Amino acid sequence: MRKISLDKLNQLFAEIASKNSLYIPVDTAAGAKYEKYDGTQTMSDALNTTRSAKDFFFPQTENLVDFKVEGKNIEIKEPVNEYEDFVIFGARACDVKSFEILDRVFLADPVDNFYKNRREHGVVVSMACTKPAETCFCGTFGIDAAAPAGDIVCHKTADAVYFDAKTDKGAKLLESLNALTEDTDSAAVDAQTAQTREVLKKLPLAGLDASAFGADKTMEFFNRPEWQTISESCLGCGTCTFVCPTCQCYDIKDFNTGNEVKRYRCWDSCMYSDFTKMAHGNIRNSQVERFRQRFMHKLVYYPTNNEGIFGCVGCGRCMAKCPVNMNIVKVMRKLGGNK
Ligand code: SF4
Ligand code: SF4
């Protein structure tokens, strides 16, 4: 394990940024967000960023290919397949877990090369939580906010930041920072971890239990009458899907610039009425069906296809951002027997 005193953290950022693009969470009027480090920013102490870190690997929009049609000829320009190396600093345990959930979608056959390239070029430096919020329930899904995953795991105390490399990629980056960091034992980290775990136990949602849901429970939940009442307030705005680190639906569209066609993909939302619109019509015509889809996907369908792993990481963003105060916790309580 290595450490650096807090007053030297910006030197460490400058060193990383001299070789790779570095993104750190910074405070803005709209909450914390990741910015490319340019030597002027200070790392935010906010618990989490407003938008999740999934943008680094699955951006909101991206160009897939450009092509030109002239008569019967189509000229295809090669899609982008090289990306710069980059480092994400300060991702929380829930967001790091979300990468595993996205991996199971985008790295499964057929592999999504756009996503794969970004995953290969990105180094994830996570930050252990010390002050989890009342909306946090990552523990429901077996995530330990005090000991996140990541290529390097960081713990920030009052006067230092501690680094523990967990992968070869992480070890390589940490080794490149040896001149700025020093060897240390894990005493301070162990003490902080134990203290945070005590805080986690006392969170209001600490007892939220997902065990009623999971793989192969489709028939148990699909036709439950509660979907009708619980979905009534949903506006179909899609905010919950856009802030969610694990939502992965997208659309692919062509944009004709007049000179060429740009084929791009952009995030979509199962909460939108035209999400399932096809040539023959729409298979989900009501908001109750769309609402049910989102939560069934996270709590039943995803686990069914992924060895029981849930498609939610308990980050609490949907609780904080839904304009009508609807969220996955309410669904779990209504349908899963939670108090
Ligand atoms: S649950 Fe809330 S955030 Fe999500 S679509 Fe409905 S109203 Fe919007
Ligand atoms: S469903 Fe809500 S709590 Fe779960 S990962 Fe998505 S935004 Fe976070």
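Start by selecting strand β6, residues 86-91, in this predicted model. Of its 6 residues, 5 are buried, so the strand is largely enclosed by the rest of the structure. Keep β6 highlighted while you look to either side.

**The strands beside β6**

Add strand β2, residues 21-28, to the selection: β2 and β6 run parallel and are joined by 3 bridges. To see one of the pairings, pick Leu22, whose bridge partner in β6 is Val87. Now add strand β7, residues 122-127, which also runs parallel to β6 and is joined to it by 5 bridges. Val87 turns up again here, with Val123 as its bridge partner in β7. If you like to show side chains along a strand, keep in mind that in a regular strand they alternate between the two faces of the sheet.

**The whole sheet**

Next, colour the full sheet. There are 8 strands in the order β3-β2-β6-β7-β8-β9-β1-β10, forming an open sheet with mixed pairing. Its edges are β3 (31-36) and β10 (182-183), each of which pairs on one side only. For an antiparallel pair, zoom in on β8 (residues 152-156) and β9 (residues 160-165), which are joined by 5 bridges. Within that pair, Ile152 of β8 has Ala165 as its bridge partner in β9.

**The nonpolar core**

Which residues have the most contacts inside the largest nonpolar core? Select Leu22, Ile24, Val87, Ile88, Val125, Cys138 and Cys154; the core they belong to has 71 residues. Helix α2, residues 93-106, gives the most to this core, with 7 residues. The core also reaches across a domain assignment, drawing at least three residues from each of domain 1 (2-57 + 69-201) and domain 2 (218-336). As background, nonpolar side chains tend to be buried together in soluble globular proteins.

Stay on Cys154 for a moment. Leaving out residues up to four places away in sequence, Cys154 touches Val125, Ser126, Met127, Ala128, Val161, Tyr162 and Phe163.

**Two domains**

Zoom out and colour by domain: domain 1 covers 2-57 + 69-201, and domain 2 covers 218-336. Taken over C-alpha atoms, their centres are 26 Å apart. Where they meet, 22 residues of domain 1 are in contact with 18 residues of domain 2. The domain 1 side of that meeting is made up of 11 nonpolar, 6 polar and 5 charged residues.

**Ligand 1**

Centre the view on ligand 1. Around this ligand you will find Cys234, Leu235, Gly236, Cys237, Gly238, Thr239, Cys240, Met271, Cys322, Pro323, Val324 and Met326. By class, the shell has 9 nonpolar and 3 polar residues, and no charged ones.

From that shell, pick Met326, which sits in the loop between α10 (317-321) and α11 (328-336). Is Met326 buried, exposed or partly exposed? Met326 is partly exposed, with 19 other C-beta atoms within 10 Å; the cut-off for buried is 20 or more. Beyond its neighbours within four places in sequence, Met326 is in contact with Ser233 and Cys234. You can also draw a distance from Met326 to Ile230: these two are 96 residues apart along the chain, and their C-alpha atoms are separated by 8.4 Å.

**Ligand 2**

Move to ligand 2, which is surrounded by 13 residues. The closest are Cys244, Cys312, Cys315, Arg317 and Cys318. This shell contains 8 nonpolar, 3 polar and 2 charged residues.

**Loops and backbone oddities**

Select Arg224 in the loop between α6 (218-221) and α7 (226-231). Arg224 is exposed, with 12 other C-beta atoms within 10 Å. Leu335 is 111 residues from Arg224 in sequence, yet the two are 8.0 Å apart in space, C-alpha to C-alpha.

For the last stops, turn on the backbone atoms. Most residues other than glycine have a negative phi, and most peptide bonds are trans. Asp109 and Pro110 are joined by a cis peptide bond, with omega about 0 degrees; Pro110 lies in the loop between α2 and α3 (113-121).

Asp216, in the loop between α5 (187-201) and α6, has a positive phi near 60 degrees. With 10 other C-beta atoms within 10 Å, Asp216 is exposed.

Finish at Glu307, found in the loop between α9 (287-305) and α10. Its phi is positive too, at about 50 degrees, and Glu307 counts as exposed with 8 C-beta neighbours inside 10 Å.

How values were computed:
Residues are numbered from 1 along each chain as its sequence is written. Chains are lettered from A and ligands numbered from 1 in the order in which they are written. This is a predicted model: local features need pLDDT of at least 70, side-chain atom pairs count only at pLDDT 80 or more; totals for chains, interfaces and linings use all residues. A residue is near a molecule or strand if its C-beta atom, placed from the backbone, lies within 6 Å of it. Ala, Val, Leu, Ile, Met, Phe, Trp, Tyr, Cys and Pro count as nonpolar, Asp, Glu, Lys and Arg as charged, and the others, Gly among them, as polar. Domain bounds come from an automatic or database domain assignment. Two residues are in contact if their C-beta atoms, placed from the backbone, lie within 7 Å. Helices (H or I, at least four residues) and strands (E, at least two) are DSSP runs, numbered from the N terminus. Two strands pair if DSSP finds at least two bridges between them. A nonpolar core is a set of buried Ala, Val, Leu, Ile, Met, Phe, Trp, Tyr and Cys residues joined through C-beta atoms within 7 Å.
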